[in-house]
Every structure is written in structure tokens, then in C-alpha cells.
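Q: Could you take a close look at one part of this structure, and walk me through how its helices and strands are put together? I would like a connected account rather than a list.

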Amino acid sequence: MTAESAGAVSGSKGTIRVLQLYPRDMNIYGDWGNALVLKQRISWHGYTPELLEYNVGDEFPADVDLIVGGGGQDSGQLVIQDDLQSRAGLLKELAEDGAPMLAICGLYQLFGRFFKTHLGTVIPGIGILDVETRGTDERLIGNVKVATEEFGEILGYENHSGQTTLGPGVRPLGTTAKGTGNNSSDGHEGARYKNVVASYLHGSLLPKNPAIADFLIRTAAERKFGTFEPGAPDDRFAVLAREHAARRPR
Amino acid sequence: MLYISVPLGKLVRRVSRLRGGGSALPGLVVEKIDPGFMQRTLATLPHGVAVVSGTNGKTTTTKMVVELLESQGLKVFTNRTGSNFTRGVAAALLGEVDWRGRLRADVAVLELDEAHAVHFVNRVPPRYSLLLNVLRDQLDRFGEIDKTAQLLHHIAAKTTGTVVLNREDPRVARIADTLTGQDVQYFGLDDSLLSTFPNDDDMRAAPGSPAPAALPHKPAADVVLRKVGPDTADFEYDGVTVTTAMKLRGVYNIFNAAAALALARSICGGGAATADHATLLTALSQVEPAFGRGESLTVDGQPLDLVLVKNPSGFRLGLKSFPAAGYATMIAINDNYADGRDMSWLWDVEFDSLRDGGVDQLTGSRAYDMALRLQYDEVRIGAVQPDIAPALAAFIREGSGKPKRIFCTYTAMLAIRRELSKITTVEVVS
């Protein structure tokens, strides 16, 4: 485990500890971007970010305020599988208690009940989310636009062959306006449960969707300090990057 | 059909060239009417076919292998135009064969994209293959890097003679474990240079932690790159280390020179006995970079370097190999099919090295994605202009009197070269 801390900043509104889950094995499509955006925006909001990593076999850090994890190849998922199961109780408890979490692609699948590969092998998930994923031999690839009530329009890029269906215990993150999302039939993308946000979208997700980043940070601050006093990050490039990305082909 | 396919294909080639068309159509025509054309023609070569594949460095490495073999007096057929797919090979062959379909060459050295190489080797099993690396590139096309490694595996398995592997890339080196009939040779790096090649696996590992999944015992390499100087490089082979001048720049280009040397040594019979090393090294020292791969042009009496970046490792190596100090910098990011549509890769590159001087111009269809990326690494941004022509003009105007460097994705590079050809001499690549 390593810690990267901006140190004690005078006038800081407090420290927010962000844990990256399995960055060594699950980081395939710019997942670092999500961690970096959280780190920088926490500091732009006037708080002190502390970035922690949890990899297979590490000791699980205490007092974690926000958890973020990403996609992996099939091989990466196999490597972390047993370790993740051994942390299932802990992570579930945190999620139930309202800890903000972002799970992208591979980790979204493993946060669910199970992943059944297209050869029929069942890989158990940790059951934080009431979702099931089935592997297919069709790969869903391309730019995605999702309409959500909570975060406005979400822009990203999908690349997955697992198809996920939601159970009654979760609600979808949004409805796809371009691209496929969770599966090729119901038009939903991602899942929401308590303060867990799960999505198939890369891009990376948070840079062009700062509303989601700020939701995670606000939730972390409110849980820890009772209130959140936002700063004023400069989002002009994010706005322009969104406008241009929205016009690109699938 | 057999007798008319070549004249017909050549005719289509002439017509499509007159119309300024692409290189693939004549290949398509000959493939349709005479599917055995490529295999039959390449089977006549006395030294057979060598395939060069991998994520990064195919074009420069292929160019080096060709020049090394030519220095040994061999006549080499190659797909020089960057048509690195089967139909492109057929089209290139049409340009080289005579009207009766005979190819006057001793050996073919072909650059093939990983996915297309698989189709190619199923039809034409190569005598040699050189497998460079497996890195994150165009994952939106191939899916996953493990899948890409499988593609290279297949190329090695179809090779009938010698497979040359990168000892330092675990995914490539491991290919040797499953090969049975082939002779395996490696090219490698001195331990002191390993840190200049961050691989995708330790990209996010803790600083100082060992690279995962490295081979427990490194096999001996046929050629090892020992040292890189400002314009020299030290290579070790046959137990001796030699220093040679290099026109190529960038450590990764020079590592590929070790790869090219290893393949050329295999083709020329290997060992000190057959290859003429003095001429091999002279040839190596004179290799110029392939277009857009660290290519240097002259604009307003100042050098302007084009550095092609198409994946995180290539971008990281590019930033490392071409330090920003003293240069005006521009970055051009397009997201056309050939560039890859997913912008996630920009987030796997650290841009801290640009913090001192900043970036003067950002352009391309995803210029604002790049701006956003630099904002999060706290790099100063001069101007953002998605249209390449006005951005390039402003960059040249405002950087007057300074050497310049442009990091660009593939289609952005083509657009930039097109614009530059209006104001300076740019080698025409068909």
C-alpha cells in the first residue's frame, strides 16, 4: 500500500481519503483519470486529498472516505477475485453505511451478484449491487451518451462484452441516448445504490462528468464533517470537451 | 485467370494511381480474381518472408531491417507505404512484379498490423517473424492486451524458421514457452535502460516496486542495447560491445534497432561468420526515422519535429525521449477510426514533464479533451483550436525563432504533413 498525500495544507477544510481499489490489476482504460480528478477537485474545493492504493494482499486502510475502482481484463479480474471476496464484508458494510463509491466496468460487474462467462463459468461477485452479468461474444464498443436526472447528460465510451441486468434492489444510472450501456435490450446504463455509482463508461468518466465527481466528494465531506463547502473549480475545458465529445460519431 | 490477373491488377494500379487513389484497390482486384497470387509469388523468394509485428515501432523497425539487409547485398521486397494489411501487401507486390508476375527479390520484409498479420500468416507462413511488443493501443479494436498477445502468439506459431522476440516485454518473451519447432532469438536491453521503458503493467504500480510478471531468468539475447548516447548507441552481440553513430533519435527507436539487427542477423545466416558486421553497422548508423516517427523538418530555418503518439506507452516514451526544454510544443489529438475513438488513453500518460514550458497549441478533433487532461496535470495551455490548419499556422507564427515539436496522433500527423508540405519540403509518402 502506498499513500500519496498533498500534506497538511493551511486553511484546508479537512482531509478526504480516497482509496483506489486494485489499481495494479484493474486499470485498463484510463482509470487513473478518475482518481486524479478526485484528487485535484478535492483540493480545488479547498480540502486536502489523500490518495491511497489497495492491491491484492495489502492491508485494508482504515478511515477511508471515498472508494474508486476500475476496469480490468479478464486476467486482471481472475487475479483479484479471491482477494476481493475476502474484503466483501468490509466493502458491503461501507456501502450500506453510505460511503461514496465509483465502480467502473470490471469492478461494476464484480460489485454485482455474479458474472457468468460465455463458457458458462460463474464468477461470484460481492453482491453490493443487485445486478447480474452474463458474458457474450458480442463486444459493445463506442461513444455513449446517457440521460440522467441526477447528473444531467453523461458522456463516455464503452467497451465490454459482459451484459448486465438490474434487479429491483438498484436503479439505473440513466438511459442511453447513444450507445448501448448495460445490455443490448433495455436501454439502461450503470447502476445506483445508496452512494454507489456504477457504470460501464470510460473516457475517463469523471473528467468530462464533473457533476459525478462532485457528488462523490460532497457525499464524502458530508459523511465526515457534516457539511460540504464547495470551492469553484474552473470547468471551462470540461464544458468544451463535453460539447465536442457529444458531436463525435459512435 | 492466373495469366491475366497480374496484368489486370497492374493496370488497375496504374489507373488508380493516375486518379490519385489509394493503394488497396488493385490489391482487392487481384485478390478477387486470383486468390493464390500473393502466396505463389512470395513462395519464390530464396530467403522467404519475414513478418514484423507488435504495437509500437513496426514502421521504423521494418525500414531498418530492409536497409540492413540491403547493405548485405540482398534485394528486399517490402510494403513501404504503410499498407500494413494483406490487401496492401498484394497491392505492393503488384507494383514490384513484372508483367508475368515474377518478383525479383531475395526476401520479403513485411510490416503487419497484429490483427491482419494473423490472416496473412494463415495464408503465407513466414520463415521469420519479429515480435516487438504488446502495449495498450486501439483496444477499441482488439478488445484487450491479452487478446493482442494471442494474436502475436499465432504469428510465432505459424513461423517456420526463426522467431525473434523482445526479451523485456513479458507478454512477448513468454511466447517462447509454447513454441516447439522454431528457433527462438531475443533482443534485449541493458538493465540500466529498463527504467526508461515503463511498461503498461507497472504503469500504476508503486514507485520502486519490481515490474510484475518479468521472466524469472532472462534468456541470453542475440543483440542487447547496452547504452544510448546523444547520437551514438552501444550494441552487444557475439560477446562484443560495439559503439555506432545513430541518426535515429529516441531510446525506443534505438531499441528497435537492436530488434532489427537481431532479425537481420538471423536472415543473413546469423553469427559472426556470415553477416558482414561492418557494413551492417554503417547501414544502421545511416537509417533515418520513418515519416512522423521523430522526423525532423525545417520551417523558417528552425527544426520542427513530428512525434507520432498513438497509445499511452508511445506518448510516455515520446515525452521522455524528446525533452521539452527550449522547444515550442504543440499537441494534436484526433479521434478518427485510425487514431482510436476512446480518449481514455490520454489519462494513462503523465504530462508533468511539460509543466515547465507549457504547451503552446492544442489542436485536433479532441483538442479540448487534451486541454482538460493538461489542466488536471497543471500544465499551462497557450491556445486551443480544433482546426488543424489555423492552429499550425499560429504555432509556427508565434514560435518563430524557436525549434518546434508536435506530438500528434496518426490522422492528425497526416493532416499536419499535408499543411507543412505547402511551406516546406516534406517527403511524399504514397
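A: What follows is a reading of chain B, with its sheet and the helices packed on the sheet at the centre, and then a few points on chain A.

The model is a predicted one, and everything below should be read with that in mind. In chain B the secondary structure comes to 17 helices and 15 strands, and 53% of the 430 residues count as buried. Among the contacts in chain B with a separation of 6 or more, 73% are between residues 24 or more positions apart.

The part to begin with is an open sheet of nine strands, which has mixed pairing and runs in the order β2-β3-β1-β4-β5-β6-β7-β8-β9 of chain B. Its edge strands are β2 (76-78) and β9 (240-245) of chain B, each of which pairs on one side only. From one strand to the next the twist averages 20 degrees. Within this sheet, strand β4 (residues 128-131) and strand β5 (residues 162-166) of chain B are parallel partners joined by four bridges, and B:Ser129 has B:Val163 of β5(B) as its bridge partner.

Helix α4(B) packs on the sheet, where it touches β1 (49-53), β2, β3 (107-111) and β4 of chain B, and its direction makes about 165 degrees with that of β3(B). Helix α11(B) also packs on the sheet, touching β1, β3, β4, β5, β6 (183-189), β7 (223-228) and β8 (232-237) of chain B, and its direction makes about 150 degrees with that of β7(B).

These two helices also meet each other. The axes of α4 (residues 58-71) and α11 (residues 251-267) of chain B come within 9 Å and cross at roughly 45 degrees, so α4(B) and α11(B) are oblique to each other. The crossing of α4(B) and α11(B) is right-handed. On the side of α4(B), the contact is made by B:Thr60, B:Thr61, B:Met64, B:Val65, B:Leu68 and B:Leu69, while α11(B) contributes residues including B:Asn253, B:Asn256, B:Ala257, B:Leu261, B:Leu263 and B:Ile267. Sorted by class, this contact of α4(B) with α11(B) holds 11 nonpolar and four polar residues, and no charged ones.

Helix α11(B) links this region to another helix, since α11, β11 (302-308) and β15 of chain B are among what covers the buried residues of α14(B). Helix α14 (residues 312-321) of chain B is largely enclosed by the rest of the structure, because eight of its 10 residues are buried. Those buried residues of α14(B) are B:Pro312, B:Ser313, B:Gly314, B:Phe315, B:Arg316, B:Leu317, B:Gly318 and B:Leu319.

Strand β15(B) leads on in turn to strand β12(B). Strand β12 (residues 328-332) and strand β15 (residues 404-408) of chain B pair in the parallel sense over five bridges, with B:Ile331 standing opposite B:Phe407 of β15(B). Strand β12(B) is also joined by three bridges to strand β13 (residues 359-363) of chain B, again running parallel, and there B:Met330 has B:Gln361 as its bridge partner. Five of the five residues of β12(B) are buried, and both of its faces are covered, with B:Ala328, B:Met330 and B:Ala332 on one side and B:Thr329 and B:Ile331 on the other.

Chain B does not stand alone, for 26 of its residues are in contact with 32 residues of chain A. The elements of chain B that give two or more residues to this side are α7 (139-142), α8 (145-158) and α15 (367-376), and α15(B) gives the most, with six residues. The residues on this side of chain B divide into 12 nonpolar, four polar and 10 charged.

Chain A, finally, has some backbone details to look at. Most residues other than glycine have a negative phi, and most peptide bonds are trans. A cis peptide bond joins A:Gly203 and A:Ser204, with omega about -15 degrees, and A:Ser204 is placed in the loop between β13 (196-199) and α5 (205-208) of chain A. A:Tyr22, in the loop between β2 (15-21) and α1 (31-44) of chain A, has a positive phi near 50 degrees, and A:Tyr22 counts as buried because it has 26 C-beta neighbours inside 10 Å. A:Asp63 has a positive phi near 55 degrees and lies in the loop between β3 (48-54) and β4 (66-69) of chain A; with 10 other C-beta atoms within 10 Å, A:Asp63 is exposed.

Key:
Residues numbered from 1 in each chain as written. Chains lettered and ligands numbered in written order. Predicted model: local features only at pLDDT ≥ 70, side-chain atom pairs only at ≥ 80, totals over all residues. Axes fitted to C-alpha atoms, helices over the stretch in contact; angles between N-to-C directions. Parallel < 35°, antiparallel > 145°, perpendicular 65-115°, else oblique. Left-handed = near helix turned anticlockwise from the far one by under 90°. Contact = placed C-beta atoms within 7 Å. Nonpolar A, V, L, I, M, F, W, Y, C, P; charged D, E, K, R; others polar. Buried ≥ 20, exposed ≤ 12 C-beta atoms within 10 Å, placed from the backbone. Pairing = 2+ DSSP bridges.
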